[in-house]
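User: Here is a chain I would like to go through with you. I will ask for the reasons behind the labels.

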Amino acid sequence: MEDKRYNFTEIEDKWQKRWDSDKVFLQKRDERPKYYVLEMFPYPSGRLHMGHVRNYSIGDLVARFMRLQGYNVFHPMGWDSFGLPAENAAIKNNIPPYEWTSSNIENMKRQFKLLGCSYDWSKEIATYKPEYYKWGQWMFLKMMEKGLVYKKKSSVNWCPECNTVLANEQVEEGLCWRCSSKVEQKHLEQWYFKITDYAEDLLKGHEELKDSWPERVITMQKNWIGKSTGLMANFKLESGEDFPIFTTRPDTIFGVTFMVAAPEHPVFEKINDPKVKEFIAKQKALSATERNNEDKEKEGIDSGIKVINPFTGDKVPLFVGNFVLMEYGTGAVMAVPAHDSRDFAFAKKYNIPVRIVIQNPEKNLVVSEMKDAYTEEGTLVDSKEFSGLSNKDAIEKISAFAEKSGIGKIKVNYRLRDWGISRQRYWGCPIPVVYCDKCGTVGVPENELPVVLPTKVDFKGSSVSPLTTMESFYKTKCPKCGGEARRETETMDTFVDSSWYYAKYSSPDSAEIFDKSDVEYWTPVDQYIGGVEHACMHLLYARFFNMVMHGMKLVPTKEPFKRLLTQGMVVKDGAKMSKSKGNVVDPDEMIAKYGADTVRLFMLFAAPPEKDLDWAETGVEGCFRFVTRLWRFINKHEDKFVLNYSFSGELQKELSVLRKATHKTVKAVTGDIKDRTQYNTAIARMMELVNALYAVKDEVYETADGKAALSEAVSKLLVILNPFVPHMTEELWELLGGKDLLVDAKWPDFIEELTKDDSVEIVFQVNGKIRSKAELAAGTPKDVLEKTAMEDSRIKEFITGKEIVRIISVPDKLVNIVVK
């Protein structure tokens with residue numbers, strides 16, 4: 001046949017229009033089992049980058065594969081469209097954020113369609129639209145009714161560049177997660193969600209997720225929640241005031257020689273010493289992350305205050321320390337330098353006594369000889385009636401004694417802090433409360449929602465929110481008394497918007513927050529895909545929100561995402577692709593040069609999904625060569641293809657090899673996608689099948705069995721390749737006479753018998769080193785394997801005259817002869 005040119009631009013445009021006109025991806029509930037595939041929705045920055053392309057290529061592959069497997073697949077897309085970039089662009093370019101965002105969405109939607117993504121655009125949502133954020137405000141009010149929302153004054157992380165507060169999770173190594181500016185501390189009144197009420201539920205949920213979420217993500221969340229069981233011990237100040245501290249090591253409590261409290265601790269409010277006040281002010285200016293950095297030098301100053309140990313009656317000095325956080329425990333800690341390395345270094349630095357209370361059973365400890373703390377297990381000494389106990393037993397007995405004596409209480413503590421959601425910026429969801437001099441803080445009535453964010457605003461070249469100066473926005477009436485009131489001018493953290501969007505996709509136009517039948521049919525998400533960097537922000541917040549919504553009977557399950565895949569980054573020139581590094585590759589350019597199918601294929605082939613992908617255009621060229629090679633082969637042999645093929649019986653060797661390759665490939669690719677999520681190896685196997693097709697001589701394809709073998713291989717290959725390369729496979733299927741869309745085909749089956757080899761290569765080893773090989777029948781018995789190995793001429797050279805210790809045989813793989 002004529003070698004028809006592979007015009008990918010024409011082909012891809014044709015099939016995208018066909019899918020659109022036929023409403024192929026518009027999904028409705030039916031009798032098939034449902035499968036909800038979701039990638040983390042993007043911020044509409046204006047253009048997709050290759051990191052996006054990788055994420056969404058993976059999601060589209062899964063969606064198309066599960067559809068071919070017979071599932072009713074739900075695959076929606078939307079826009080995480082509030083946030084600082086739109087506001088900063090508005091200040092810089094004098095473009096209202098609403099217009100900037102709308103324009104960017106249209107462009108990125110065009111790019112998604114160019115890629116051939118199988119999204120149900122009828123379910124599209126955008127968080128900046130009032131019809132969406134109305135329900136975020138509704139959730140805020142419902143959570144406030146349940147006591148899960150409160151406002152308090154506290155020390156917060158402040159980004160001077162972004163001019164807003166950051167949650168602890170948004171501070172990375174002392175820097176703003178978004179702009180990398182140095183984070184400062186400010187004392188502000190903020191709105192909080194009580195995520196700490198769900199700390200235990202969040203931990204228990206990991207048991208349900210442990211087999212379907214990456215272990216790394218679960219570990220990161222567990223460490224962030226930071227559960228610990230210990231003793232709340234009632235130390236006292238000399239003045240008689242209570243000074244409680246939390247410790248997980250009550251076995252060391254008799255060895256306390258000093259105490260340390262956070263600079264913000266109220267005990268220091270009446271300090272007059274100028275040196276102490278100066279130290280406190282300096283430490284307060286640092287972020288919590290900086291102060292909690294393990295590598296940072298531990299500093300402190302004696303406050304002059306004495307604290308009484310309730311177990312010993314000793315009066316010990318209270319230091320202000322740069323490593324204690326007010327948010328954890330009580331904001332103060334006991335220090336036992338003999339048995340804690342941090343405390344030991346601090347004690348040596350400030351010449352504080354060291355007292356041994358756990359003795360090394362193997363070598364007697366002497367304070368003057370200690371170079372570091374003794375942190376191993378041992379026996380208690382100088383600990384009154386508890387002396388002689390193992391320190392492990394002492395933890396329980398000292399805690400019980402403290403409870404009985406009224407000087408302490410066993411308590412569970414969490415590192416997790418409540419989620420501060422107030423943001424001092426304009427482009428976000430308005431917080432639905434008003435402030436009335438008579439009635440106080442009042443929630444906006446539900447029938448007045450949404451509180452609409454004005455879209456025509458003037459930033460006047462400043463990052464200060466224009467809401468604070470717009471009387472038309474903040475002047476209002478109190479819903480309770482009808483008197484003058486002022487709207488809240490702060491907006492919600494954008495992570496609030498992304499904490500429940502996955503459920504809203506089920507029914508974006510519903511009269512209530514969700515249509516009950518739709519949300520119960522589609523949720524939870526069966527496969528969620530996104531970056532591991534969201535482990536302790538978005539993924540934790542979404543789990544919290546879903547648990548709250550489940551408690552309100554709004555969603556059917558406690559957990560929102562059954563399976564999680566965290567893809568690696570796209571790296572170029574040794575760094576993550578980003579505009580700031582100037583190493584971004586434009587997907588539009590690559591699609592224009594090679595086609596969307598090739599770009600998708602490369603993003604799935606260059607690395608396993610969870611690993612970082614090194615961008616190399618030579619790799620894209622290699623994928624293009626594979627695609628065009630298949631295109632040429634099928635165009636060349638299209639006249640030999642038959643939809644209804646059959647085999648006459650015994651096949652000649654070339655065709656037998658091809659049939660085996662076909663069925664092995666189908667089996668392996670099915671497992672690579674469904675069970676192992678190794679998309680790169682699936683592609684490699686399909687490349688091998690194309691090699692097998694080329695290996696058969698042209699004249700063999702002229703025979704009846706040749707046409708059948710070719711037709712079987714090609715028809716199965718086009719289906720299993722379709723989720724990776726959707727446009728070209730549809731075109732080739734149509735070329736070969738396929739009447740229905742390939743996207744609606746059934747995933748091919750395989751004959752198990754044909755996936756087994758007639759013969760296998762057996763490796764012969766001596767003392768673990770390969771010395772020879774042999775081709776033997778598959779399933780050769782163990783005794784025959786060993787006899788063949790012993791009689792191999794090459795093996796005889798290495799075992800003659802030596803004592804055979806044992807022979808290890810692995811069926812169909814190897815024989816290892818151990819000699820001495």
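The turns below take up a sheet, a helix contact and the cavities.

User: What should be said about the model before anything else?
Analyst: This is a predicted model, where local features need pLDDT of at least 70, side-chain atom pairs count only at pLDDT 80 or more, and totals for chains, interfaces and linings use all residues. Residues are numbered from 1 along each chain as its sequence is written, and side-chain values use heavy atoms, leaving out hydrogens and water.

User: What makes β5 and β9 a pair?
Analyst: Pairing requires at least two bridges found by DSSP between two strands. β5 (residues 149-159) and β9 (residues 184-193) have 10 bridges, in the antiparallel sense, so they pair by that rule. One of the bridges joins Ser-155 to His-187 in β9. Strands here are DSSP runs of E with at least two residues; helices are runs of H or I with at least four; both are numbered from the N terminus.

User: Why are β6 and β19 called edges of the sheet?
Analyst: The sheet is open, with 4 antiparallel strands in the order β6-β5-β9-β19. β6 (164-166) and β19 (419-420) each have a single partner strand, so one side of each lacks a neighbour in the sheet.

User: Why are α6 and α16 called roughly perpendicular?
Analyst: The axes of α6 (residues 199-209) and α16 (residues 538-551) cross at roughly 100° and come within 11 Å. Axes are lines fitted to C-alpha atoms, for helices over the stretch in contact, with angles from 0 to 180 degrees between N-to-C directions. Roughly perpendicular covers 65 to 115 degrees, so the label fits α6 and α16.

User: Which residues make that contact?
Analyst: Contact means heavy atoms within 4.5 Å. α6 brings Asp-201, Leu-202, Gly-205, His-206 and Leu-209; α16 brings Leu-540, Arg-543, Phe-544 and Met-547.

User: What makes a space a cavity?
Analyst: On a 1 Å grid over the protein atoms alone, a 1.4 Å probe fits at the points but cannot get out; lining residues have an atom within 4 Å of a point. There are 3 cavities of 30 Å³ or more. The largest holds about 160 Å³, the volume being the space filled by probe spheres set on points joined across faces, edges and corners.

User: What lines the largest cavity?
Analyst: It has 18 lining residues; closest to its centre are Gly-83, Leu-84, Arg-178, Arg-423 and Thr-494. β6 gives the most, with 3 residues.

User: How much space lies in the second largest cavity, and which helix gives most to its lining?
Analyst: The second largest cavity has about 70 Å³. α2 gives the most to its lining, with 3 residues.

Note on methods. Parallel < 35°, antiparallel > 145°, perpendicular 65-115°, else oblique. 1 Å grid on protein atoms, 1.4 Å probe; cavity = no way out; pocket = protein on both sides within 12 Å on 5 of 7 lines; lining within 4 Å.
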